[in-house]
Amino acid sequence: MRILKQILNRTKNQWKMTSNWWRGSLAGLLLVSFTAPVIAQTPVAEAPSSSAEYWFNQMSSALRELNFEATLVKSSGARLEPMTWLHGVYEDGLEVELVVRLNGADVRSVRIGDDTSYYSQPSDSSYTLHSDVTYGLLPAAFYQPFENLQPHYQVLVDRGMRVTGRSTYFLRILSRDNDRYHYGLWVDRKSGMLLKMQMTTPQGEVLEQIQLTTFVERESMPISLSDLRGVPRPPRLHEIRNMEPPQFSLEPQWLPAGFKLLRASHRRIAETRLPSDYFLYTDGLTEVSIYVSQSQQQALPELALKGPESLFNLNQGEFAITVVGKLPVSTLQRIAESMQPAT
Amino acid sequence: MTDRSYEQVSALLDNAIDDTREQEQQLDTLLSDSEAQEAWGRYALIGRVMKGDATTEQPLDISAAVAARVSNEAQPGKVVQGRFGKQSIQRWLRPTGSIAIAASVALVAVLSVQQTAPVVPEETVQPAFATAPIGGRNPVSYNTVLQSNEPTQAELAQQSRLLQSYMLDHQQQLQLSLQAQQLNENLETNSESDKKPVENDQ
């Protein structure tokens, strides 16, 4: 405890020194601020909605095209996850991305073009997927033009605060209803790079955040990525082609506008092997899974788990309906309650 | 508690009280004062974190433990086939999910611990939010979730395992769906997408 106090005192002293320095350079800062805003403000001033899309699209191409080295912290609830994030483009246009988790088990993902490999220890748990987006960092929709999210989401732009030492634009991605989560994005004015992200409830409660703590843009591919091309890739995951169709003939009669069916099958769910009808829906930004199984076999009470990833379980006659996804619990509940025999 | 008594707890923890009589007296205070005991717990945890040995002993992050338990209990899956033969595929598919799920698992646990305090049994909330930790570390709070008959330890363990498996399966399916999207194998890109329009009332 005494050590803590000492550290505190030391920080106070440092702060005093910093503020002195800051006062000294205030004159210089004022000079800069007279000239800079004139250039920086123009895209916002002209046409708010279209410039919001413009900056969203700048971000999605920055995520594909920039050579950068970054560190970041991802927070979900009370959990903090620091990571290193490197990205580059080879001379022939091939993209390479490396994400390393810095706490706990050494988990890395390497994406080269359309193949993403997830390495972990022991190495026999590593695998490769055919995908041009690294799973687990950002929603896949952030890598695509905003028009894919219309008309169910809208994007607004505003002047952003300073993030990671840089000036930003603040983009808000809002759903047209209050049935899904909203996103706040802070995008670097200079490079278009995403520097901070917040996923919030429609009421503004923050559920998940990403904050870049360092960001360095490079002229060419970061050196540590240049030899990744030859790295051995773990085996590729393949799915069974002929999936069984759903058996219990219950289907959702309500979903928020814009959700489309991606997958439907009857199978055993991971680990517990519970036989279930499975449906996966997406609105382009978020996904929701619906499981239908026999109540007798499942034996869960009616319950809801609330978090970035929420779960709602409902018993309806002989069936148990479980809905999982990054959506408000009230939405999951409404989906679950809408399950009806297919007509 | 006053600042002074916090200081005493801290000093006690650091073994910084030379006088044995005073130390005994402090211990007595600690044992009789629940607030002081909480402070002790917090300070002890802070101390361990600073020394860097909290992560191994303290269940601050149970995701790895849960994932390991879930995968130990798992039976062989047949979701995925690969060119390396079924067995080897299963060997690395299983931990795959555990890794992918790690974040959500921890999250659920944390959330439920935070919720235990404000959720006073309230019959009006239907259905109630789950307040039970998935790891089952504090089964008492499950009372607020379930109506009348309290589940046994074994039932709780089974339920938490099932909840984990839904979270895990969801994550696995999202990854597989990314791949299917790339390969144009999802329903959306097939003609089947028009088969079943979903009604929207908004």
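Guide: A nonpolar core is a set of buried Ala, Val, Leu, Ile, Met, Phe, Trp, Tyr and Cys residues joined through side-chain atoms within 4.5 Å. The model discussed here is predicted.

Visitor: Which residues touch the most other members of the largest nonpolar core?
Guide: This core holds 44 residues. The members with the most such contacts are A:Trp85, A:Leu138, A:Phe142, A:Ile173 and A:Leu185.

Visitor: Which element gives the largest share of this core?
Guide: Two or more residues each come from H3, E1, E2, strand E7 (153-159), E8, E9, E10 and strand E11 (206-218) of chain A. The largest share is 6 residues, and its source is H3(A).

Visitor: How many residues does the second, separate core have?
Guide: Its members include A:Phe248, A:Ile290, A:Leu314 and A:Val323. This second core is separate, and its residue count is 23.

Visitor: Back to A:Ile173. Which residues does A:Ile173 touch, not counting those up to four places away in sequence?
Guide: Start with the aromatic side chains and their neighbours: A:Phe56, A:Phe142, A:Phe146, A:Tyr153 and A:Tyr183 are among the residues touched. The others are A:Gln154, A:Val155, A:His182, A:Leu185 and A:Leu285.

Visitor: Why is strand E9 of chain A described as largely enclosed by the rest of the structure?
Guide: Take the two faces in turn. On one side A:His182, A:Gly184, A:Trp186 and A:Asp188 are buried, and on the other A:Tyr183, A:Leu185 and A:Val187 are buried. E9(A) spans residues 182-188 and is largely enclosed because its buried residues number 7 of the 7.

Visitor: How many residues lie between E8(A) and E9(A) in their hairpin?
Guide: E8(A), residues 168-175, runs antiparallel to E9(A), with 6 bridges joining the two. Within this pairing A:Arg172 stands opposite A:Gly184. The hairpin of E8(A) and E9(A) has between its strands a number of residues equal to 6.

Visitor: Which residue takes a positive phi in the hairpin of E9(A) and E10(A)?
Guide: E10(A) covers residues 194-200 and pairs with E9(A) in the antiparallel sense over 6 bridges. A:His182 stands opposite A:Thr200 there. The hairpin has 5 residues between the strands, and the positive phi, near 85°, belongs to A:Gly192.

Visitor: What kind of aromatic pair do A:Trp55 and A:Tyr169 form?
Guide: The whole structure holds 12 aromatic pairs over all chains. In the pair of A:Trp55 and A:Tyr169, the centres are 4.6 Å apart and the planes are at 45°. An angle under 30 degrees would count as stacked and one over 60 as edge-to-face. The pair of A:Trp55 and A:Tyr169 is therefore tilted.

Visitor: How many residues apart in sequence are the parts that A:Trp55 and A:Tyr169 tie together?
Guide: A:Trp55 lies in helix H3, residues 48-65 of chain A, and A:Tyr169 lies in strand E8 of chain A. Both A:Trp55 and A:Tyr169 are buried. The pair therefore ties together parts whose separation in residues is 114.

Visitor: What is the geometry of the rings of A:Phe68 and A:Trp85?
Guide: The ring centres are 5.1 Å apart and the planes stand at 85°. The cut-off for this class is over 60 degrees, so A:Phe68 and A:Trp85 are edge-to-face.

Visitor: A:Phe68 and A:Trp85: buried or exposed?
Guide: The cut-off for buried is under 20% relative accessible area. A:Phe68 has 0%, and A:Trp85 has 1%. So A:Phe68 is buried, and A:Trp85 is also buried.

Visitor: Which residue has its charged end over the ring of A:Tyr90?
Guide: One charge over a ring is that of A:Lys196, which lies over the face of A:Trp186 at 5.1 Å from the ring centre. Over A:Tyr90, at 4.6 Å from the ring centre, sits the charged end of A:Arg229.

Visitor: Turn to chain B. Which helix there has the highest confidence?
Guide: Chain B has 7 helices and 0 strands. Its mean pLDDT is 54, with 23% of the residues at 70 or above. Confidence is lowest in helix H6, residues 86-116 of chain B, at a mean of 36. At 87, the highest value goes to chain B helix H7 (residues 153-182).

Visitor: How many contacts beyond four places in sequence does the model have for residues 72-148 of chain B?
Guide: Throughout this stretch of chain B the pLDDT stays under 50. The model's contact count for residues 72-148 is 140.

How values were computed
Residues numbered from 1 in each chain as written. Chains lettered and ligands numbered in written order. Predicted model: local features only at pLDDT ≥ 70, side-chain atom pairs only at ≥ 80, totals over all residues. Heavy atoms only, no water. Buried < 20%, exposed > 50% of the residue type's maximum accessible area, 1.4 Å probe, protein only. Helix = DSSP H or I, 4+ residues; strand = E, 2+ residues; numbered from the N terminus. Pairing = 2+ DSSP bridges. Phe/Tyr/Trp six-rings, centres within 6.5 Å; stacked < 30°, edge-to-face > 60°. Lys NZ or Arg CZ within 6 Å of the ring centre and 35° of its normal. Contact = heavy atoms within 4.5 Å. pLDDT = per-residue confidence, 0-100.
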